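Please look through the sequence and the model shown here before reading on. The report that follows takes up a few backbone details, then each chain in turn, and ends with the place where the chains meet.

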Amino acid sequence: MPKLRPEDLDKIADRMRKVMSLREGAGRAKIIVHMGTCGIAAGARKIMGALMRCADETAVKDVIFTTTGCAGLCSREPMITIELAGQAPVKYVDLTEEKAKRIFTEHIMNGRIVAEYALAIGSEQTL
Amino acid sequence: MKAFRTHLMLCAGTGCVSNGSYRIKEGLERELAKQNLQDEVAVVMTGCNGFCAQGPVMTVQPDGIFYQLLTDKDIPQLVEEHFLKGRPVKRLMYTPPEAKTPVPKMSEIGFFKKQRLIALRNRGLIDPEKIEEYIARGGYRALAKALNDLTPGEIIEEVKKSGLRGRGGAGYPTGVKWQSAARHKSDVKYIICNADEGDPGAFMDRSIIEGDPHAVIEGMAIAGRAVGSSNGLVYIRAEYPIALERLSLAIGQARDCGLLGKGILGTDFDFDITVFKGAGAFVCGESSAMRASIQGEPPEPSAKHTHATEAGLWEKPTVLNNVETLVVVPEIIQRGAGWFAGIGTEKSKGTKVFALVGKVKNTGLVEVPMGTSLRDIIFDIGGGIQGERKFKAVQTGGPSGGCIPDSLLDMPVDYERLTEAGSMMGSGGMIVMDEDTCMVDVARYFLEFLRDESCGKCTACREGVDAMYRIVSDICAGKGKEEHISLLEELGQAVKDASMCALGGTAPNPVLSTLRYFRDEYEAHIRDHRCPAGVCKALLTFSIDPEKCKACLLCNKNCPQNAISGEKKKPQKIDQEKCIKCGVCRDVCKFDAVIVR
């Protein structure tokens, strides 16, 4: 590594922000991929891969990926839930890699819900 | 850097490494590859996360889920369930002692929740072997600020205003020490980092160096700028292999990046650090003995006619600071003296790291604001006493500290209060004892340690500590005499008065503080030939309660001395002549019939 100057410290920190924000558990957007047996069988792994590539290509630093189990609606898998900070979660169903890319561009990057792929806004009621 | 969706922050501190965390790492990598997750999930080895009792421990980020006591055979299930299918594995989570259901998130675990991390700010969050991760967490900014925006005088003023005091034990104001070294003109000055941690059960410095070595380097460089020194030296014991390796690696990285060496960060400031391996003599942590050790002389303390800040190592002005003191410095420079001075008590500012060990449920490394009560540390963070036993005392300040009884549990912990209570802050060891601990035996243990570690230079320490050890051993062996107690007090005072260094000056503390709070136990040993805690073997007799004995013959079969006899279906008896008081009969008895008095 070349000798650093004070301004280089910020550059390194900026480059690393994606890695570090992941560890602090804080992000502007959270993408939850449903990975039940049904989800995996329907291609959830591919959806995860496509979304992670989108994040890599656009170099966004504040998006967190996580997985969860089956959401109970197995016939509509693969399914993802998108949570933007301070907004209700949105569930998308019957996904393909192309649909996932569009959701990433429109919903994650620009904050517009892709209504035609969305199942519902909000969470199920629980005790 | 490649993007992963999940980071597995696996602890690689000494505790977890000895519990097999590198085997867990291999297992994780193998299973992740099997599930084709190697490009989505990364394994990151971190420094000590503090919760050593539950090791190997791992935090899954960004979910914040905490796993503990991992074994090789848990890994396939963990990878498939959590990292592939997104179903966290409850079985491997932490269950608080008082609760029945596991707690998934680290932030909800009492042990972590009540701590405030300054010295340990990066623990578990960075890979200590990667300088970029330290920089990403704000590292080396304080050094840049100290070099570009502050004069050396302003740095010293800031540290003075913060109220930071030496964390090695003595509590001397750090800013005052720096000012004194800055004032003396010399072509060469030294900044020494004292990492010769020798107290039994203490591992604050080791964990900090293992988990965040760049913080030590940054703190030393700032100290160097403040006092006008270009020479740093870390005195670290050779028994700390992981700390040594990571520190040396970090120094190399800092040199490559121009953060050590000539013209740091493009300024005219030069500073470099060498590592000196100590051979592990306890007395070497004392400043003048350490100096002698570095100079190749026998490690004996010497009279301090002049301050080390005027003529220390090689007769040059020298600042000696403890690891924990130095790693706090960058935060003070970065956030300001006012921020630091706002934490803690009137005379003790900031936080303190404690190695919480002994009969407490959650043993590990703990950082709390000064002024936190012993009760909060032991019962809220530590989770209380193991088993269904009662708290008896807590020993603070290492071997030359003292034992504090339960009547003082609500005492806020700071330098002054601990000294008033007859103990001391020391480097931060905290050994919790329960009702099964004999305080006379504890005093004997520490005296034995100090007797071995006394360098032998001062007669009072060399002979006095040995004499005290022999008296206390006699008391434990049932040969105590009435006059022993006053003799111990007199000897203790003499050793204190006539020893040159702090080792001798504090060596009688374990005896004096146990005499102060637990005199009745000494008296029971001497007058009644009884050890109330049932520890001192010479004073115990094992017998069998005929009412409770069901004649199962388990004790009879297990006694290594064949000291137990009796007919079938009749209560058994112990032959006191043959009994060696090993306690096997008590351990195997299912009916609680073995009486120990």
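Is Leu69(B) buried or exposed, and how many other C-beta atoms lie within 10 Å? In this predicted model, Leu69(B) falls between those two extremes: with 14 other C-beta atoms within 10 Å, against a limit of 20 or more for a buried residue and 12 or fewer for an exposed one, Leu69(B) counts as partly exposed.

**Backbone details in chain B**

Leu69(B) deserves this attention because of its backbone, as its phi is near 45°, a positive value in a residue other than glycine. The residue sits in the loop that leads from strand 4 to helix 3 (75-84) of chain B. A second residue with this feature is Glu315(B), which is not a glycine and yet has a positive phi of about 65°. Glu315(B) belongs to the loop between helix 12 (287-294) and strand 8 (318-322) of chain B, and with 13 other C-beta atoms within 10 Å it is also partly exposed.

Chain B also contains peptide bonds in the cis form, and two of them are set out below.

| Cis peptide bond | Omega | Place of the proline |
|---|---|---|
| Gly55(B) and Pro56(B) | about -5° | Pro56(B): loop between strand 2 (41-46) and strand 3 (58-61) of chain B |
| Gln61(B) and Pro62(B) | about 10° | Pro62(B): loop between strand 3 and strand 4 (65-67) of chain B |

**A pair of helices in chain B**

Further along chain B, the axis of helix 7 (residues 152-162) and the axis of helix 8 (residues 174-183) come within 7 Å of each other and cross at roughly 155°. An angle over 145 degrees counts as roughly antiparallel, and therefore helix 7 and helix 8 of chain B are described in that way. The crossing of helix 7 of chain B past helix 8 of chain B is left-handed. On the side of helix 7 of chain B, the contact is made by Pro152(B), Ile156(B), Val159(B) and Lys160(B), while helix 8 of chain B brings Thr174(B), Gly175(B), Val176(B), Trp178(B), Gln179(B) and Ala182(B). Sorted by class, the residues of this contact are six nonpolar, three polar and one charged.

**The sheet of chain A**

Turning to chain A, one finds four helices and five strands, which follow one another from the N terminus in the order α-β-α-α-β-β-β-α-β. Along the principal axes, the C-alpha atoms of chain A fill a box of roughly 55 × 30 × 25 Å. Of its 127 residues, 39% count as buried. Among contacts in chain A between residues at least 6 apart in sequence, 69% join residues that are at least 24 apart.

How are the strands of chain A arranged, and in what order? They form an open sheet of five strands, with the order 2-1-3-4-5 and mixed pairing. Strand 2 (63-68) and strand 5 (118-121) of chain A each have a single partner strand, so they stand at the edges, and one side of each is left without a neighbour in the sheet. Direction ignored, neighbouring strands of this sheet are turned by 20° against each other on average.

Strands of a sheet pair through backbone hydrogen bonds, and they may do so in a parallel or an antiparallel way. The parallel sense is found between strand 1 and strand 2 of chain A, which pair over six bridges, with Ile31(A) standing opposite Phe65(A) in strand 2 of chain A. Strand 2 of chain A is mostly covered, since five of its six residues are buried. The antiparallel sense is found between strand 4 (residues 90-92) and strand 5 of chain A, which are joined by three bridges, and here Tyr92(A) is placed opposite Ala118(A) in strand 5 of chain A.

A helix also belongs to this picture: helix 4 (residues 97-109) of chain A lies across strand 1 (29-34), strand 2, strand 3 (80-84) and strand 4 of chain A, and runs at about 25° to strand 3 of chain A.

**Where the chains meet**

Finally, 30 residues of chain B are in contact with 29 residues of chain A. On the side of chain B that touches chain A, the elements giving two or more residues are strand 1 (6-11), helix 5 (131-136) and helix 6 (141-148) of chain B. Helix 5 of chain B gives the most to this side, with four residues. By class, this side of chain B has 13 nonpolar, seven polar and 10 charged residues.

How values were computed. Residues are numbered from 1 along each chain as its sequence is written. Chains are lettered from A and ligands numbered from 1 in the order in which they are written. This is a predicted model: local features need pLDDT of at least 70, side-chain atom pairs count only at pLDDT 80 or more; totals for chains, interfaces and linings use all residues. Two residues are in contact if their C-beta atoms, placed from the backbone, lie within 7 Å. Ala, Val, Leu, Ile, Met, Phe, Trp, Tyr, Cys and Pro count as nonpolar, Asp, Glu, Lys and Arg as charged, and the others, Gly among them, as polar. Axes are lines fitted to C-alpha atoms, for helices over the stretch in contact, and angles run from 0 to 180 degrees between N-to-C directions. Angles under 35 degrees count as roughly parallel, over 145 as roughly antiparallel, 65 to 115 as roughly perpendicular and the rest as oblique. A crossing is left-handed if the near helix is turned anticlockwise from the far one by less than a right angle, and right-handed if clockwise. Two strands pair if DSSP finds at least two bridges between them.
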